[in-house]
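User: I am a first-year student, and I would like a close look at one part of this predicted model, namely the aromatic rings and what surrounds them. Please take your time and link each step to the next.

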Amino acid sequence: SDCVMRTPMEEAMRKMIRFAALAVLPCLAGACAVSGWDAGSAGRCESIEMAVDAKGRPIEIEYHISPDQVPRAVQDAMSALYPGEEFTGAEHETHGGQLYWELTVTTGGYDVEAMFEPDGTLFSQEIEVPKESVLEPVQRAGETAFQGGEVTAWEEIRDGKQALTEYHVKIKADGKNYKVAISRGGAITSVVREVQAEIEVPAAR
């Protein structure tokens, strides 16, 4: 063990690392067995984002795709939420055996990511917001999570009924990027580090 003193948030961060993959992944730490792994999607997507548990096992995989690959019902639902906004990104992923589609728009200078079921039913949203609109307990928790850290983004997390459930706070500290989940009351519920990773998959010729 070492003698480095860490805050509770830094200790929590050590328990989970999030990989933002720039390519695609064939079989890393059992990835081929993880729910949601799709070799066909991996070969066609633009990039992959994945999360791993404390032992390095993939627990979530998101395939970044072109917005025109998203079902029409989902596109229509997003356009109804944000009329006139252009889609700037798209993903599909699987949670608990359920397939979801995600679209991103930029509105008022802030990014919004909305996740839908295939029929267009809204499941959740990540909405980037200005600091001034964030609840004060959440501001305090985010700004003190890492000593010397700088908050780079505040995000509201809303459910399918658009109720605010928690916040995600993006923080840069010691040259590393973190995402901190904070309850409405200001309690830190999880901390992950976002890591860039280059991975490869066999390509058909």
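What is the relative accessibility of F123, and how does F123 count at that value?

Analyst: F123 has a relative accessibility of 36% and therefore counts as partly exposed, because that class covers whatever falls between the buried limit of under 20% and the exposed limit of over 50%. To see what F123 is doing in the model, it helps to look at its partner. The chain has 2 aromatic pairs, and in one of them the rings of Y100 and F123 sit 4.3 Å apart, centre to centre, with an angle of 35° between their planes, so that the pair is described as tilted. Y100 belongs to strand β5 (residues 98-107) and F123 to strand β7 (residues 122-129), so this pair ties together parts that are 23 residues apart in sequence. The two partners do not share a class of exposure: Y100 has a relative accessible area of 8% and is therefore buried, whereas F123 is partly exposed.

The other pair is made by F146 and Y178, whose ring centres are 4.3 Å apart and whose planes meet at 20°, so this pair is stacked. F146 lies in the loop between α4 (136-144) and β8 (150-159), while Y178 lies in strand β10, so the pair ties together parts that are 32 residues apart in sequence. Here both members are buried, since the relative accessible area of F146 is 4% and the relative accessibility of Y178 is 6%.

F146 also leads us to the interior of the model. The largest nonpolar core has 40 residues, and F146, together with I48 and M78, is among those with the most contacts inside it. Strand β9 (residues 164-173) supplies the largest share of this core, namely 5 residues.

Strand β9 in turn brings us back to the strand that holds Y178. β9 pairs with β10 (residues 176-183) in the antiparallel sense over 8 bridges, and one of the bridges joins A173 to K176 in β10. The two strands form a hairpin with 2 residues between them, and D174 in that turn has a positive phi of about 55°. On its other pairing, β10 is joined to strand β11 (residues 188-197) by 6 bridges, again in an antiparallel arrangement, and the bridge partner of Y178 in β11 is R193. These two strands likewise form a hairpin, with 4 residues between them and with G186 in the turn at a positive phi of about 100°. Y178 thus takes part in a ring pair with F146 and in a bridge with R193.

The helix that comes before the loop of F146 is worth following as well. In α4, the residues V138, Q139, A141 and G142 are buried, and the buried residues of this helix pack against β8, β9, β10 and β11. Strand β8 contains W154, which has a relative accessible area of 7% and is therefore buried. Apart from residues up to four places away in sequence, W154 touches, among others, V138, Q139 and G142, which are buried residues of α4, and the contacts of W154 also include H168 and V169. The C-alpha atoms of W154 and H168 are 6.2 Å apart, although 14 residues separate them along the chain.

Returning to Y100, we can finish with the surroundings of that ring. E93 lies in strand β4 (residues 87-95) and, with a relative accessibility of 2%, counts as buried. Leaving aside neighbours within four places in sequence, E93 is in contact with Y100 and also with E60, I61, E62, Q98, L99, E102 and M115. Another buried residue, I65 in strand β3 (residues 58-65), has 7% relative accessibility, and beyond its sequence neighbours up to four places away it touches residues including A90, E91, H92 and W101. The C-alpha atoms of I65 and G89, which are 24 residues apart along the chain, are separated by 7.3 Å.

These details can be set against the whole chain. It has 4 helices and 11 strands, and 40% of its 205 residues count as buried. Among the contacts with a separation of 6 or more, 48% are between residues 24 or more positions apart.

How values were computed: Residues numbered from 1 in each chain as written. Predicted model: local features only at pLDDT ≥ 70, side-chain atom pairs only at ≥ 80, totals over all residues. Heavy atoms only, no water. Core = buried A, V, L, I, M, F, W, Y, C linked by side-chain atoms within 4.5 Å. Buried < 20%, exposed > 50% of the residue type's maximum accessible area, 1.4 Å probe, protein only. Contact = heavy atoms within 4.5 Å. Pairing = 2+ DSSP bridges. Phe/Tyr/Trp six-rings, centres within 6.5 Å; stacked < 30°, edge-to-face > 60°.
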